[in-house]
Amino acid sequence: MGRTGFPSNVIGFAIGVPLILAIGMLEALRPMGLSLPALTGGLLTLDTMIRVGLFTIILVGLNLLMGYAGQVSLGQAAFYGMGAFFSAILTVRARTLSIPPALAETWWWPWVVMGMGALLVGMAAYGIGRPILRLRGHYLAMATLGLGIVVYILLRENMGLPHLNLTGGFDGIQGIPRLRLGGFLLWPAWRYYFLVWLFAFGAIALGLRVVHSRVGRALRAIHGSEIAAESVGVEVPHYKAMIFGLSAAMAALAGSLYAHFQTTVIPATFGFGPSLELVVMSAVGGMTSIWGAPFGALTILLVQEALRTQLHRVLPNAQGEFEAIAFGLILVLIMMFLPDGLTVGGLRWLQSRPRLHIRFARRSFKPG
Amino acid sequence: MRGARRPPSGRSPRSKDLAKEKQGAFAVIRDRTWEERVQFARRWGITAAALGLVIFLVLLGRRHGFGVPEYLQFALDGLRGGSIYALVALGFVLVYRVMGVINFAQGAFVMLGPMLTAFFYEQGWPPVPGLRLALAALLAVGIVGALGMAVERLTLYPARRASPLTRIIITVGVYLALQGAALLLWGPYAKVLPSFTTMSLSDPTLRFGGVRVKAQSLWIAGTLIATVIALGLFFGHTTVGKAMRACAVNRLAARLMGIPVDTMSTLAFGMAAVLGAIAGIVLGPVTRATYDMGLELGLKGFVAAIMGGLVSFPGAVLGGLVLGVLENLWAGVTVAGFKDLFAFVVLILVLLLHPRGFAGAEAAVERV
């Protein structure tokens, strides 16, 4: 691990892990009738925290891709959906695929499927990434957007094989089994919460490891200038596709975890809108920061939750429309005034207060 | 844009280029460098692929027992959709050329046009339906144009030094906010515009031999032709139009010549919004107008613009028409749910194989 990010990352884990553990223990034990919703006025539930964990996994990958390597993806929800449906199909439709029950009904089969899904999606993304990532800027954004929509339509239309009914069309797949470890069921929700956050912190650690390594320096070089990076010996196409594959694999892993959490998956969860939502989260948290991932996810999910639950008190007839408006406005305002996101932008703002004497060893990754 | 030359930053004229121009496309292969041979193979490969696609579609259609009249019918219906795509694509090209931004909010303007028109039409004044519709449409176009300019001034202008990704995300935010606003104002219900010919919900069908054409299709085609002529006159014969072209070629030089480039950007954005609104309004009687119609039309208009190379007005019109016809042929021979797949597969293929589009526009050259 390089010197630059070391102290702040230790601080991050030192604050983050106990906080997450405390929330989990609170929900698991419910001491003296206290619970997370009761303490936060119904704003934050364990369900939301699990989602934050899932999105953190995706966003770490997305931040590596967009913030560090500078490659835009407007279709990341496609990989999320591929992971979710891979898990769902191989566990629920095992008979259709003539997987022997002796295999499909063991406790470890969903875990194997999860790993396979992440691996296969990552490899597929590497394969797609080699040609697609030759494109730059606008063109790349549009190609990934097209890719996302194509995957969504394929999921919605049973991949063109209606007689097999693999993806279940519009209605998706129901009855996905909960995860088990031997005889230990990872449910009620607080047990699953610990699992998800274990993966989330793993993802953060992996992200930090990548950033502060040779690969991370190569990615930043690519962000700065591809030609310059190539001229100093960085194998640009390989690195770009590799980070694309890594981010896709992380999204797929989160998708598998989502499928076993929700036990139902429908294609609409993985369409164009959700892809944009991921970009919003990434932007709000700060693309150029791994720690931005949980903050972005938490902020956006809290805003959504607040709009959904609290808006009725102010405007009784309000439906989902305010969510879209608020989303759009947040996106525009953040991009205009705090393009580095809440974490990086916030830190920089703190640093600019001379009387606070705060120093962070953080370099700008922007070229020039 | 007739006679517009690419900026000198594109690529320097090399002797190779001059030689190629002299020889034309059919020059002897062995006189070429490897780079040119790849280009040659690519160009003809794409032509062959396009031909192959058409043949494939026709063969698929034979299974359904389609004959020439059916294909003609598909093609004519496709031209209708294609004209709409072309109008939307013109807006994309206009904004991209003048400002270098891909304007995702274009879809919102396409949606607002018919929604506003229907809203004013429902007010019941003046009592003559034809006059009322014309007034409503004019008012809607005016409002959308003003809105477009306001959006540019308030969001993109302050962020004019931000990176392209930031600016794309801003327009995405604007799209979400406008769509949410439409949902808030008019709810999720479809609005219906009357047919321009009869001022009622029924649209007369004209028969030419074996093919049927809806009267509204003629309005749409007429609108496209009128718009193209108007744009041609505007860019060729007015001072403002010429100034806008100058901005597209080289912003700095235009500024040095005393052209107010920021005003031109605002104006271009407003014009693109107007083009989008017009496209939505003439489509209004054919499909119902809903708050979420903008996404699909915006994206397909974008695909059309990409097919035309993103910087060429004739290319955009051609791209729109070709996309419309092919998509409709495709929809005719496959299952209904796969209709939307076509445009996005084409998007990815065009971006990968031939990002310069029909018009052979310049490829961006990155400089260190």
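A helix here is a DSSP run of H or I at least four residues long, numbered from the N terminus. With that in hand, select Met123(A): this residue lies in helix α6 of chain A. Bear in mind as you look around that this is a predicted model.

**Stop 1: a patch on the surface**

Keep Met123(A) highlighted. Is Met123(A) buried or exposed? Its relative accessible area is 53%, and the cut-off for exposed is over 50%, so Met123(A) counts as exposed.

Now add Trp107(A), Trp108(A), Val112(A), Met116(A), Leu119(A), Leu120(A), Leu181(A) and Phe184(A) to the selection. Together with Met123(A), they form a nonpolar patch on the surface, with about 840 Å² of accessible area between them. Which helix gives the largest share of this patch? Colour residues 109-132 of chain A and you'll have it: that's helix α6, which supplies five residues.

**Stop 2: two helices crossing**

Leave α6(A) coloured and pick out helix α11 of chain A, residues 236-262. The axes of these two helices come within 7 Å and cross at roughly 150°. Angles over 145 degrees count as roughly antiparallel, so that is the label for α6(A) and α11(A). Turn the view to look through one helix at the other, and you're looking at a right-handed crossing.

**Stop 3: a charged pair in chain A**

Next, show the side chains of Arg156(A) and Glu157(A). They meet in a salt bridge, with 3.0 Å from N to O. Arg156(A) has a relative accessible area of 15%; buried means under 20%, so this residue is buried. How many salt bridges turn up over all chains? A search of the whole structure finds nine.

**Stop 4: a network in chain B**

Side chains of opposite charge can pair when their charged atoms come close. Hop over to chain B and select Lys300(B). One partner to show is Glu296(B), whose salt bridge with Lys300(B) has its closest N and O atoms 2.8 Å apart. Both residues sit in helix α11 of chain B (residues 293-307), four residues apart, or about one turn of the helix.

Compare how the two are covered. Glu296(B) is partly exposed at 36% relative accessible area, while Lys300(B) is buried at 0%.

Then add Asp340(B). This residue also forms a salt bridge with Lys300(B), with the closest N and O atoms 2.8 Å apart. This pair links distant parts of the chain: Asp340(B) belongs to helix α13 (residues 339-353) and Lys300(B) to helix α11, 40 residues apart.

To finish, select Glu327(B) as well. Glu296(B), Lys300(B), Glu327(B) and Asp340(B) are linked in a network of salt bridges.

Note on methods:
Residues numbered from 1 in each chain as written. Chains lettered and ligands numbered in written order. Predicted model: local features only at pLDDT ≥ 70, side-chain atom pairs only at ≥ 80, totals over all residues. Heavy atoms only, no water. Patch = residues over 30% accessible without salt bridge, like charges linked within 9 Å, V, L, I, M, F, W, Y side chains within 5 Å. Areas by Shrake-Rupley, 256 points an atom, 1.4 Å probe, with all protein chains shown as cover. Salt bridge = Lys/Arg side-chain N within 4 Å of Asp/Glu carboxyl O. Buried < 20%, exposed > 50% of the residue type's maximum accessible area, 1.4 Å probe, protein only. Axes fitted to C-alpha atoms, helices over the stretch in contact; angles between N-to-C directions. Parallel < 35°, antiparallel > 145°, perpendicular 65-115°, else oblique. Left-handed = near helix turned anticlockwise from the far one by under 90°.
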